[in-house]
Amino acid sequence: MSGRILNREDWAEKPDVWQGEFEGGQYGADVSVMFFTTDKIGGGPKLHKHPYAQVFIVREGRGLFTIGDQQVEGVAGQILFCPPNTPHKFSNLGPGRLETTDLHVTGAFSTEWLE
């Protein structure tokens with residue numbers, strides 16, 4: 001297998017917002033990435049879990065992260081870790097935008113929604 005380059009239009013939903021995803025398995029990588037952005041206070045994914053670990057990189061803003069029975073405020077520059085099969089969610093605390101890069105330690109997304 002040779003190296004690959006994904007251009008923004010290959011994964012991004014909009015040309016000017018970090019929002020979109022790609023699954024690395026099709027490129028021989030055991031990682032998938034979700035780029036999440038919301039300007040809505042309270043916006044974010046509902047409670048769910050994955051059979052693999054997930055890493056959240058907070059790029060901008062601040063969010064309330066629920067990881068298992070723990071709630072923590074994550075702010076720009078922090079990295080949060082979620083073990084496999086652990087219920088989790090997060091929401092924008094504001095003011096302003098919350099932007100995260102979420103690394104899923106798998107070649108393909110698998111999500112069980114709990115809410």
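How much space lies in the largest pocket? In this predicted model, the largest pocket holds about 160 Å³ of space. The legends below begin with the whole chain and then move through a set of close-up views.

**Figure 1. Overall view of the protein chain, with one helix and eleven strands.** From the N terminus on, the elements run α-β-β-β-β-β-β-β-β-β-β-β. The radius of gyration of the protein chain is 14 Å, close to the 13 Å given by the globule rule for 115 residues, so the chain is as compact as a globular protein of that length. Along its principal axes, the C-alpha trace spans about 40 × 35 × 25 Å. Of the 115 residues, 37% count as buried.

**Figure 2. Close-up of the largest pocket, with a volume of about 160 Å³.** The pocket is lined by 14 residues, and the closest to its centre are Met34, Pro45, His48, His104 and Trp113. Four strands each supply at least two residues of the lining: strand 3 (32-38), strand 5 (54-60), strand 9 (88-92) and strand 10 (98-104). Sorted by class, the lining has seven nonpolar, six polar and one charged residues. Rolling a probe the size of a water molecule over the atoms shows where empty space is left.

**Figure 3. The open sheet of six strands.** The order of the strands in this sheet is 1-2-3-10-5-8, and the pairing is antiparallel. Strand 1 (12-14) and strand 8 (79-82) are the edge strands, each pairing on one side only. On average, neighbouring strands of the sheet are turned by 20° against each other, with direction ignored. Strands of a sheet pair through backbone hydrogen bonds, either parallel or antiparallel.

**Figure 4. Strands 1, 2 and 3 of the open sheet.** A hairpin through two residues joins strand 1 to strand 2. These two strands, the second of which covers residues 17-23, pair in the antiparallel sense over two bridges. At one of the positions in view, Lys14 has Val17 in strand 2 as its bridge partner. Strand 2 in turn pairs with strand 3 in the antiparallel sense, over four bridges. Here Glu23 stands opposite Ser32 in strand 3.

**Figure 5. Strand 5 beside strand 8, an edge strand of the open sheet.** The two strands pair in the antiparallel sense over four bridges. Which residue of strand 8 is the bridge partner of Val55? The partner is Phe81.

**Figure 6. Strand 9 and its pairing with strand 6.** Strand 6, residues 62-67, pairs with strand 9 in the antiparallel sense over five bridges. Ile67 stands opposite His88 in strand 9. In a regular strand the side chains alternate between the two faces of the sheet. Along strand 9, His88, Phe90 and Asn92 point to one face and are buried. Lys89 and Ser91 point to the other face and are not buried. Strand 9 also supplies at least two residues of the lining of the largest pocket.

**Figure 7. The loop between strand 8 and strand 9, with Pro84 and Asn85.** Pro84 has a relative accessible area of 40%, and is therefore partly exposed, between the limits of 20% and 50%. The C-alpha atoms of Pro84 and Asp39 are separated by 28 Å, and the two residues are 45 apart along the chain. Asn85 has a positive phi of about 60° although it is not a glycine. Most residues other than glycine have a negative phi, and most peptide bonds are trans. At 47% relative accessibility, Asn85 counts as partly exposed.

**Figure 8. The cis peptide bond from Gly94 to Pro95.** Omega for this bond is near -10°. Pro95 lies in the loop between strand 9 and strand 10.

**Figure 9. Ala76 in the loop between strand 7 (70-75) and strand 8.** Is Ala76 buried or partly exposed? Ala76 has a relative accessible area of 43% and is partly exposed. Its C-alpha atom and that of Val58 are separated by 4.8 Å, although the two residues are 18 apart along the chain.

How values were computed: Residues are numbered from 1 along each chain as its sequence is written. This is a predicted model: local features need pLDDT of at least 70, side-chain atom pairs count only at pLDDT 80 or more; totals for chains, interfaces and linings use all residues. Side-chain values use heavy atoms; hydrogens and water are left out. On a 1 Å grid over the protein atoms alone, a cavity is a set of points where a 1.4 Å probe fits but cannot get out, and a pocket is an open set with protein on both sides within 12 Å along at least five of seven lines; lining residues have an atom within 4 Å of a point. Grid points are joined across faces, edges and corners, and a volume is the space filled by probe spheres set on the points. Ala, Val, Leu, Ile, Met, Phe, Trp, Tyr, Cys and Pro count as nonpolar, Asp, Glu, Lys and Arg as charged, and the others, Gly among them, as polar. Two strands pair if DSSP finds at least two bridges between them. Axes are lines fitted to C-alpha atoms, for helices over the stretch in contact, and angles run from 0 to 180 degrees between N-to-C directions. Buried means under 20% relative accessible area, exposed over 50%, partly exposed in between (1.4 Å probe, protein chains only). The radius of gyration is taken over C-alpha atoms; the globule rule is 2.2 Å times the number of residues to the power 0.38.
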